[in-house]
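Student: I should like to work through the strand pairing, the nonpolar cores and the salt bridges of this chain. May we begin with the structure itself?

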Amino acid sequence: FVCTAVRGLTIRVVAVVRISGQFFAYVAEPAEGGGLVARQRQITLGPTIGSEYIVQAGLKPGDKLITGGIQKIADGAPVQPMPAGPPGDGRGRSGGN
């Protein structure tokens, strides 16, 4: 899933982690020496629209969100990109919302 700014940034509810009342998302970023690693980012959320939150802060257009397996992932863990699946399959999607 790639963040877009169609109605403002949105993120699927299932891609958000809540820890001690704060909200986080995982983003795939380049690792030293190649590949990608997961990075945990604190985010500020607005209201929900369907199954997505409006993101008020913490993400930017083009960020590569990790939407699957977030219960098992840790900051700095290596990740492999997967092709975008259809909406609702848990693998994310690219493009607009």
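The discussion below takes the strands, the cores and the salt bridges in turn.

Tutor: This is a predicted model, so local features need pLDDT of at least 70 and side-chain atom pairs count only at pLDDT 80 or more, while totals for chains, interfaces and linings use all residues. Residues are numbered from 1 along each chain as its sequence is written, and side-chain values use heavy atoms, with hydrogens and water left out.

Student: How many bridges join S3 to S4?

Tutor: Strands here are DSSP runs of E with at least two residues, numbered from the N terminus, and two strands pair if DSSP finds at least two bridges between them. S3 and S4 form a hairpin with five residues between them, and glycine 33 in that turn has a positive phi of about 85°. S3 and S4 run antiparallel, and the number of bridges joining them is eight.

Student: Which residue of S5 is the bridge partner of isoleucine 49?

Tutor: Strand S4 (residues 36-49) runs antiparallel to S5, with four bridges joining them. These strands form a hairpin with two residues between them, where glycine 50 in the turn has a positive phi of about 65°. The bridge partner of isoleucine 49 in S5 is glutamate 52.

Student: In S5, which residue is the bridge partner of isoleucine 11?

Tutor: Strand S1 (residues 10-12) pairs with strand S5 (residues 52-57) in the antiparallel sense over three bridges. Within S5, isoleucine 11 has as its bridge partner tyrosine 53.

Student: Which residue in S7 is the bridge partner of valine 37?

Tutor: Valine 37 in S4 stands opposite glutamate 29. S4 also pairs with S7, in the antiparallel sense over two bridges. In S7, the bridge partner of valine 37 is proline 78.

Student: How many residues does the largest nonpolar core have?

Tutor: A nonpolar core is a set of buried Ala, Val, Leu, Ile, Met, Phe, Trp, Tyr and Cys residues joined through side-chain atoms within 4.5 Å; buried means under 20% relative accessible area, exposed over 50%, and partly exposed in between (1.4 Å probe, protein chains only). The members of the largest core include Ile11, Val27, Ile43 and Tyr53, and their number is twelve.

Student: Which strands each supply at least two residues of this core?

Tutor: The largest core includes Ala25, Leu45 and Val55. The strands that each supply at least two of its residues are S3 (22-30), S4 and S5.

Student: Why does the salt bridge of arginine 41 and glutamate 29 tie together parts that are apart in sequence, and how many residues apart are they?

Tutor: A salt bridge is a side-chain nitrogen of Lys or Arg within 4 Å of a carboxyl oxygen of Asp or Glu, and the side chains of arginine 41 and glutamate 29 meet in one at 2.8 Å, N to O. Arginine 41 lies in strand S4 and glutamate 29 in strand S3, so the parts tied together are apart in sequence by twelve residues.

Student: Is arginine 41 buried or exposed?

Tutor: Its partner, glutamate 29, has a relative accessible area of 25% and is partly exposed. Arginine 41 has a relative accessibility of 18% and therefore counts as buried.

Student: Which residues are joined into one network by salt bridges that share partners?

Tutor: Aspartate 63 and lysine 60 meet through their side chains in a salt bridge (3.1 Å, N to O). Aspartate 63, at 6% relative accessibility, counts as buried, whereas lysine 60 is partly exposed at 46%. The residues joined into one network are Glu29, Arg41, Lys60 and Asp63.
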